[in-house]
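Reader: I would like to go through this structure with you, a few questions at a time. Could we start by putting it in view?

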Amino acid sequence: TLTGHRDAVWSVAFSPDGQTIASGSRDKEVRLWRASDGSHLRTLTGHQGGVRSVAFSPDGQTIASGSGDKEVRLWRASDGSHLRTLTGH
């Protein structure tokens with residue numbers, strides 16, 4: 001069991017190598033977890049609406065998150081840094 005989100009979890013994705021899990025929640029956060037033991041790695045913040053989808057790029061280096069704030073945010077998987085925000089939806 002992975003605990004830490006403050007509201008409903010709407011999306012979950014495994015990294016291509018199976019080592020990391022990303023979860024997106026109504027609490028407006030993306031959380032990254034170590035798949036082997038469930039430990040929390042980091043929290044990605046910045047969305048103004050609940051995160052409805054999360055996905056890893058095929059190479060596992062980037063995470064995309066889609067939110068009710070009508071934005072897609074791209075994050076560097078290795079350190080959680082925000083790379084870019086895609087708007088216009």
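Author: Happily; what follows is a set of questions and answers on strands, turns, the core and salt bridges. Please keep in mind that this is a predicted model.

Reader: Let's begin with strand β3, residues 30–34: is it largely enclosed or largely open, and how many of its residues are buried?

Author: Buried here stands for a relative accessible area under 20%. Strand β3 has 5 residues, and the rest of the structure largely encloses the strand because the number of them that are buried is 4.

Reader: Which strand pairs with β3 over 5 bridges, and in what sense?

Author: The pairing is antiparallel and runs over 5 bridges. One facing pair across it is Ile 21 and Trp 33, the latter in β3. The partner strand, spanning residues 20–25, is β2.

Reader: And over how many bridges does β3 pair with β4?

Author: Strand β4 covers residues 40–44, and its pairing with β3 is antiparallel too. Across it, Val 30 stands opposite Leu 44 of β4. The number of bridges between β3 and β4 is 4.

Reader: Which residue in the turn of the β3 and β4 hairpin has a positive phi?

Author: This hairpin leaves 5 residues between its two strands. The turn residue whose phi is positive, at about 75°, is Gly 38.

Reader: In the hairpin of β2 and β3, which residue takes a positive phi?

Author: There are 4 residues between the strands of this hairpin. Most residues other than glycine have a negative phi. One in the loop between β2 and β3 nevertheless has a positive phi, near 80°, and is not a glycine: Lys 28.

Reader: Is Lys 28 buried, partly exposed or exposed?

Author: The partly exposed class runs between the limits of 20% and 50%. The relative accessible area of Lys 28 is 39%, so the residue is partly exposed.

Reader: What is the phi of Lys 70, and where does this residue lie?

Author: Lys 70 sits in the loop between β6 and β7, the latter being residues 72–76. Its relative accessibility is 57%, and exposed begins over 50%, so Lys 70 counts as exposed. Lys 70 is not a glycine, yet its phi is positive, at about 70°.

Reader: Turning to the open sheet, which are its edge strands?

Author: The sheet has 4 strands in the order β5-β6-β7-β8, with antiparallel pairing. An edge strand here pairs on one side only, which is the case for β5 (51–56) and β8 (82–86).

Reader: What is the average twist from one strand to the next in that sheet?

Author: The strands in question follow the order β5-β6-β7-β8. From one to the next, the twist averages 20°.

Reader: Which residue in β6 is the bridge partner of Phe 56?

Author: Strands β5 and β6, the latter being residues 62–67, pair in the antiparallel sense over 5 bridges. In β6, the partner of Phe 56 is Ile 63.

Reader: Which element gives the most residues to the largest nonpolar core?

Author: This core has 11 residues, among them Val 30, Leu 32, Phe 56, Ile 63 and Trp 75. Two elements, β3 and β5, each give two or more residues to this core. The element that gives the most, with 3 residues, is β5.

Reader: Leaving out residues up to four places away in sequence, which residues does Ala 13 touch?

Author: Ala 13 is one of the residues of the largest nonpolar core. With those sequence neighbours set aside, its contacts are Thr 20, Ile 21, Ala 22, Val 54, Ala 55 and Phe 56.

Reader: How far apart in sequence are the parts tied together by Arg 26 and Asp 7?

Author: Their side chains meet in a salt bridge, with an N to O distance of 3.7 Å. Arg 26 is partly exposed at 46% relative accessibility, and Asp 7 is partly exposed at 35%. Arg 26 belongs to the loop between β2 and β3 and Asp 7 to the segment before β1 (9–14), so the pair ties together parts whose separation is 19 residues.

Reader: Which residue forms a salt bridge with Glu 29, and is that partner buried or exposed?

Author: The closest N and O atoms of this pair are 3.3 Å apart. Glu 29 is buried, at 11% relative accessible area. Its partner is Arg 31, and at 12% relative accessibility Arg 31 counts as buried.

Conventions
Residues are numbered from 1 along each chain as its sequence is written. Side-chain values use heavy atoms; hydrogens and water are left out. Buried means under 20% relative accessible area, exposed over 50%, partly exposed in between (1.4 Å probe, protein chains only). Two strands pair if DSSP finds at least two bridges between them. Axes are lines fitted to C-alpha atoms, for helices over the stretch in contact, and angles run from 0 to 180 degrees between N-to-C directions. A nonpolar core is a set of buried Ala, Val, Leu, Ile, Met, Phe, Trp, Tyr and Cys residues joined through side-chain atoms within 4.5 Å. Contact means heavy atoms within 4.5 Å. A salt bridge is a side-chain nitrogen of Lys or Arg within 4 Å of a carboxyl oxygen of Asp or Glu.
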